[in-house]
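Got a minute to look at a fold together? Have a look at the sequence and the model, then let's go through some questions.

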Amino acid sequence: IRYLCFILYMYDSMVKYVIILLVIFLIKCTSYDTRNPIELVSPINLGKVKGGVVKEFTVKCKNNSHKDIRLKEVHMSCNCIQQIKSNSNVVYAHDSTLFHFLFNPDGIGYVERRLSFYFDTSDEPYIFKITAYISRNI
């Protein structure tokens with residue numbers, strides 16, 4: 001009987017430990033990163049740009065999540081911006097990728113343009129702002 005009581009006591013203790021470990025495991029597995037998974041690093045001010053002179057710029061995209069994220073498409077607010085073909089549209093987990101663009105300014109004065117980045121994580125775009133002052137003479 002003493003042996004049986006010991007076995008029941010040990011069994012009861014083991015069940016408690018297993019339940020505790022299971023709860024800890026489930027909490028860890030269901031927790032998620034509350035930060036925004038995508039970070040488009042700071043808007044770009046191209047400064048003074050001569051009208052008709054093409055200028056290249058780069059957008060740095062940081063993935064704060066634990067999963068790889070794929071860029072589906074980029075919408076430009078005007079025809080004056082063109083995306084340069086990229087080697088990869090994947091932003092790996094906890095890594096950064098650079099996306100390259102060309103800006104062919106038209107008009108004169110202060111301009112503000114937007115790029116809308118669509119990733120496979122959301123239907124909502126991530127908006128990136130570009131500003132410049134277009135002049136005839138630099």
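Q: What share of the 138 residues in the chain is buried?
A: This is a predicted model, where local features need pLDDT of at least 70, side-chain atom pairs count only at pLDDT 80 or more, and totals for chains, interfaces and linings use all residues. Numbering starts from 1 along each chain as its sequence is written, and side-chain values use heavy atoms, leaving out hydrogens and water. Buried means under 20% relative accessible area (1.4 Å probe, protein chains only). On that basis, the buried share of the chain is 29%.

Q: What is the strand order in the open sheet of five strands?
A: Strands here are DSSP runs of E, at least two residues, numbered from the N terminus, and two of them pair if DSSP finds at least two bridges between them. The pairing in this sheet is mixed. At the edges, β2 (44–50) and β6 (90–91) each pair on one side only. The order reads β2-β9-β8-β4-β6.

Q: How many bridges join β8 and β9?
A: β8 covers residues 109–119 and β9 covers 126–135. Across the pair, E112 sits opposite T131 of β9. The two strands run antiparallel, and the bridge count is nine.

Q: Which side chain of opposite charge is nearest to R113?
A: R113 lies in β8 and is buried. It has no salt bridge, a term that takes a side-chain nitrogen of Lys or Arg within 4 Å of a carboxyl oxygen of Asp or Glu. Lys and Arg count as positive, Asp and Glu as negative, with His and the chain ends not counted. At 4.1 Å, the nearest one is D106.

Methods
Buried means under 20% relative accessible area, exposed over 50%, partly exposed in between (1.4 Å probe, protein chains only). Helices (H or I, at least four residues) and strands (E, at least two) are DSSP runs, numbered from the N terminus.
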